[in-house]
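Okay, thanks everyone, let's get going. I'll put the structure up and walk you through a few spots in it.

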Amino acid sequence: MRASRDFRLLYLGQTVSFAGTMITTVALPYQIYQRTHSTLAVGLLGAVELVPLLVMALLGGAFADAHDRRRMLLVSELALAICSAALVALSLIPAAPVWALYAIAGVSAGLSGFQRPALEALTPRLLRSELMPAAAALQSFGRTLGAVGGPALGGVLIAGLGLPLTYAIDCASFVVCLVAVWQIRAVPPPSDAEPPSLARIVEGLRYARRRPDLMGTYLIDINAMFFGMPMALFPAIAEQLGGTSTIGLLYAAPAFGAMLVALTSGWTARVHRHGRAIALAAAGWGVAIIGFGFADALWPALLCVVLAGAFDMISGIFRMTMWNQTIPDGLRGRLAGIEQVSYMTGPLLGNVEAGFVAGLTSLRFSVVSGGVLCVAGTAALCALLPAFVRYDDRTSVHRAEKRAEEAARARVPLSGAR
């Protein structure tokens, strides 16, 4: 935070914006569940969001390597604010059509997918390589703070003020982010950057495929989230554990666990076997989800979900550190797009899977079986990707190359143009 004014502005804007988004993350599933009383309908939100997210994340990555990343953030934040305003309008309609809610969810997912690569690729341009673990923990803490406060506040706002004002607060959060990002200096692309194209996207995919350590970070997380993501079931589970007032607590609990890890994350700088740490954290997530499935009371259920969130944060810190310390700047946007696909595909498909299995069997079977498959899948992927498990940042050739690139760039100052 002291090293870079621009990083401070970026951090402030994104933290506020994300908190508003997390309010809507509770409000939109709640609105759909109230309209349909179907867990499958809530789970289908993930299916609706998946395709726009996948396509726009890869496209956004190519754009982030060829254009000013700050400008991309401004355009996408403005478009997301318009989507939030549309939700305000729909919430004023007594029987808002469910298809319209799905449509806005899909557009918003696409915009988020387009924005995220520019955001992820911007941080390494604002900070030195050795600050990446601290930056990863700090950014994770900001998102976690929003993920804790956003859902909890969302539940209170829905109950006290109704959906229109709840969505309006999210809209206001985008305005705060726009003002902060506007003050960041321009961050032009590398001088040898080529225009976005399908060939450039394929180049990024080939680079990732050549690195089993990167593939491990993607696949381990997809596996954990696909099988162990029960959030689509939270509205139904909340009815069994205390009613509507508990929905916000369930959504906030994973983020609370993540925040505890972020606040005590100094120890992560002393861990060098990042692949092994990610794998152990993913398995821990699965075990915690199994416990959640067997919980019959609110507080044991919340404790298990808090533990799951803590393990997810540990995994996220080491994945982000590996990405930012080893990926060349000229590929950072496209690889950030792949990262976006990896850590969003799992939860989105996982919510569909959880809702589908719960509809065929029961809530408990859906949650517990997902946790078991998460642990089993993690073990299988570790056996298939030994280079990922052995990754050590002290001996990584890719990190040495990244340091050399950073040293060369330090001799060329960023543009001061707005």
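One cut-off before anything else: buried means under 20% relative accessible area. And keep in mind that this is a predicted model.

So, start with A147. Its relative accessible area is 11%, so A147 is buried. You'll find A147 in helix 5, which covers residues 132–160. What does A147 touch, if we skip residues up to four places away in sequence? The list is F18, M22, Y251, A252 and A255.

Now, three of those names come back when we look at helix packing. Helix 5 packs with helix 10, residues 247–263, at an angle of about 155°, and their axes are 8 Å apart. Roughly antiparallel starts over 145 degrees, so helix 5 is roughly antiparallel to helix 10. The crossing is left-handed. On the helix 5 side, the contact includes A147 along with, among others, F141, V148 and P151; on the helix 10 side, Y251, A252 and A255 are among the residues involved. By class, that contact has 15 nonpolar residues, two polar ones and no charged ones.

Okay, stay with Y251, since it also shows up in the aromatics. There are seven aromatic pairs in the count. Take F234 and Y251: ring centres 5.2 Å apart, planes at 80°, so that pair is edge-to-face. F234 sits in helix 9, residues 234–241, while Y251 is in helix 10, 17 residues away. Both of them are buried. Then F234 pairs with F292 as well, with centres 5.9 Å apart and planes at 75°, so again we call it edge-to-face. F292 belongs to helix 11, residues 274–294, and is 58 residues from F234. F234 and F292 are both buried. Put together, F234, Y251 and F292 make one aromatic cluster.

Last stop, another helix pair. From A147 to A224 is 77 residues in sequence and 19 Å in space, C-alpha to C-alpha. A224 is one of the helix 8 residues that meet helix 14. Helix 8 is residues 212–228, helix 14 is residues 363–384, and their axes come within 7 Å and cross at roughly 165°. That makes helix 8 roughly antiparallel to helix 14. Here the crossing is right-handed. Besides A224, helix 8 brings in residues including L219, I220 and F227, and they meet helix 14 residues such as G370, G371 and G377. The class tally for this contact is eight nonpolar, six polar and no charged residues.

That's my tour, so over to you.

How values were computed: Residues numbered from 1 in each chain as written. Predicted model: local features only at pLDDT ≥ 70, side-chain atom pairs only at ≥ 80, totals over all residues. Heavy atoms only, no water. Helix = DSSP H or I, 4+ residues; strand = E, 2+ residues; numbered from the N terminus. Buried < 20%, exposed > 50% of the residue type's maximum accessible area, 1.4 Å probe, protein only. Contact = heavy atoms within 4.5 Å. Axes fitted to C-alpha atoms, helices over the stretch in contact; angles between N-to-C directions. Parallel < 35°, antiparallel > 145°, perpendicular 65-115°, else oblique. Left-handed = near helix turned anticlockwise from the far one by under 90°. Nonpolar A, V, L, I, M, F, W, Y, C, P; charged D, E, K, R; others polar. Phe/Tyr/Trp six-rings, centres within 6.5 Å; stacked < 30°, edge-to-face > 60°.
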